[in-house]
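Biologist: Could you take me on a close look at one sheet in this model, strand by strand, and at what packs against it? I'd be glad of one connected account.

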Amino acid sequence: MRWIERVWYQQPWYKWPIIILMLPLTWLFWLISRLRRGAFLLGFKTSIKVSAQVIIVGNISVGGNGKTPLVVHLAKFLAANGYHPGVLSRGYGGQSESYPCSVTQDSQPEQVGDEPVLMRQHVTCPMVVDPKRARGAQFLIDTHHCDVIICDDGLQHYALQRDIEIVVMDGKRRTGNQFLMPSGPLRESTARLKNVDFVVINGEGASTNEYLMQLVPGQLINVKQSTQRLALNALKSPVVAAAGIGHPQRFYELLEQQGVTLKQCLSFVDHHQFEKADLPQERVLMTEKDAVKCRPFAHEDWWYLPVNAKLDTDFEQQLLTKLRNKK
């Protein structure tokens with residue numbers, strides 16, 4: 001855990017002087033974000049409404065909370081219920097020569113980002129990346145005739161109007177010390193949660209008016225040869241685990257809950273651009289998001305763990321009801 005995350009999520013008394021020192025920057029962040037949102041609400045900045053319904057899957061805090069598995073789940077669920085969804089991502093970490101950029105089976109993380117490449121491995125619906133989300137959404141409508149746009153992140157991207165807002169929150173970390181950045185992890189205050197349609201809790205601890213999402217692990221898949229599979233219970237000796245995601249500890253805990261003994265945990269910043277020298281040339285378990293960047297130079301004993309989101313049927317039915325009522 002980085003030192004700033006210890007300030008955000010652990011609250012012993014000796015952390016408070018650091019928080020107090022950062023408060024002027026927090027007030028500045030609050031002022032800028034309020035002015036920015038107010039500019040959209042009052043019409044000083046343009047907010048575009050597209051013909052398809054827009055679902056935002058985002059969060060009010062920084063760091064990984066589990067948005068990507070939920071986006072994959074929603075894309076499959078809506079397609080199974082008669083909709084023609086499209087997935088829209090900013091493509092963080094990618095550098096495409098032009099936008100909108102369609103995500104295909106041949107797309108590389110350097111071009112479109114690691115999360116879109118991961119999602120493309122699980123969904124067949126149209127998918128594009130575009131830092132200008134309204135433009136990307138319109139491309140999905142014009143080119144693929146999508147009737148629902150699922151935005152991976154973008155809760156604070158008010159240039160695109162939305163019909164449904166879903167906030168994903170880590171069940172253990174929640175909102176940390178409840179301060180705005182940089183004193184805390186929040187992009188917006190906790191009051192924002194009162195205005196969203198759904199709050200989805202990843203892992204544990206869902207309370208009233210919240211919906212639990214659990215990440216169900218599958219079999220390990222070889223990074224170099226994707227046709228090779230390995231059951232988690234087949235691991236008899238301690239292994240190295242590596243993660244370059246927003247909250248690596250959640251990955252390590254998932255492995256331990258499945259009975260895997262870890263001899264070393266290698267943590268990297270979110271969206272880390274892996275190189276061969278970053279990981280040992282022995283058995284390593286990693287996340288699927290990391291695996292898409294390690295495939296070109298993977299060791300034959302590197303494996304990734306795919307996960308699927310499992311949600312309460314009540315959430316799914318309420319989502320369908322909201323979509324139908326907003327037509």
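Modeller: Happy to! Let's start with strand S6 (residues 164-170) and strand S7 (residues 198-202), which pair in the parallel sense over five bridges. Within this pairing, Val168 stands opposite Val200 in S7. Please keep in mind that this is a predicted model.

Helix H9 (residues 313-325) packs on the sheet here, touching S1, S6, S7, S8 and S15. The direction of H9 makes about 155° with that of S7. Helix H3 (residues 67-80) also meets these strands: H3 lies across strand S1 (53-58), strand S2 (85-89), strand S5 (148-152), S6, S7, strand S8 (211-217) and S15. Relative to S5, H3 runs at about 170°.

Now let's step back to the whole sheet. S6 and S7 belong to an open sheet of nine strands, in the order S3-S4-S2-S5-S1-S6-S7-S8-S15. Its pairing is mixed. At the edges are strand S3 (101-102) and strand S15 (307-311), each of which pairs on one side only. So that edge strand S15 is among the strands touched by H9, and H3 lies across S15 as well.

For context, there is also an open sheet of six strands, ordered S10-S9-S14-S13-S11-S12, again with mixed pairing. Its edge strands are strand S10 (229-230) and strand S12 (262-267). There, strand S11 (residues 239-243) and S12 pair in the parallel sense over five bridges, and Ala241 stands opposite Cys265 in S12. Helix H7 (residues 248-257) packs on that sheet, with a direction at about 145° to that of S11.

Notes
Residues are numbered from 1 along each chain as its sequence is written. This is a predicted model: local features need pLDDT of at least 70, side-chain atom pairs count only at pLDDT 80 or more; totals for chains, interfaces and linings use all residues. Side-chain values use heavy atoms; hydrogens and water are left out. Two strands pair if DSSP finds at least two bridges between them. Helices (H or I, at least four residues) and strands (E, at least two) are DSSP runs, numbered from the N terminus. Contact means heavy atoms within 4.5 Å. Axes are lines fitted to C-alpha atoms, for helices over the stretch in contact, and angles run from 0 to 180 degrees between N-to-C directions.
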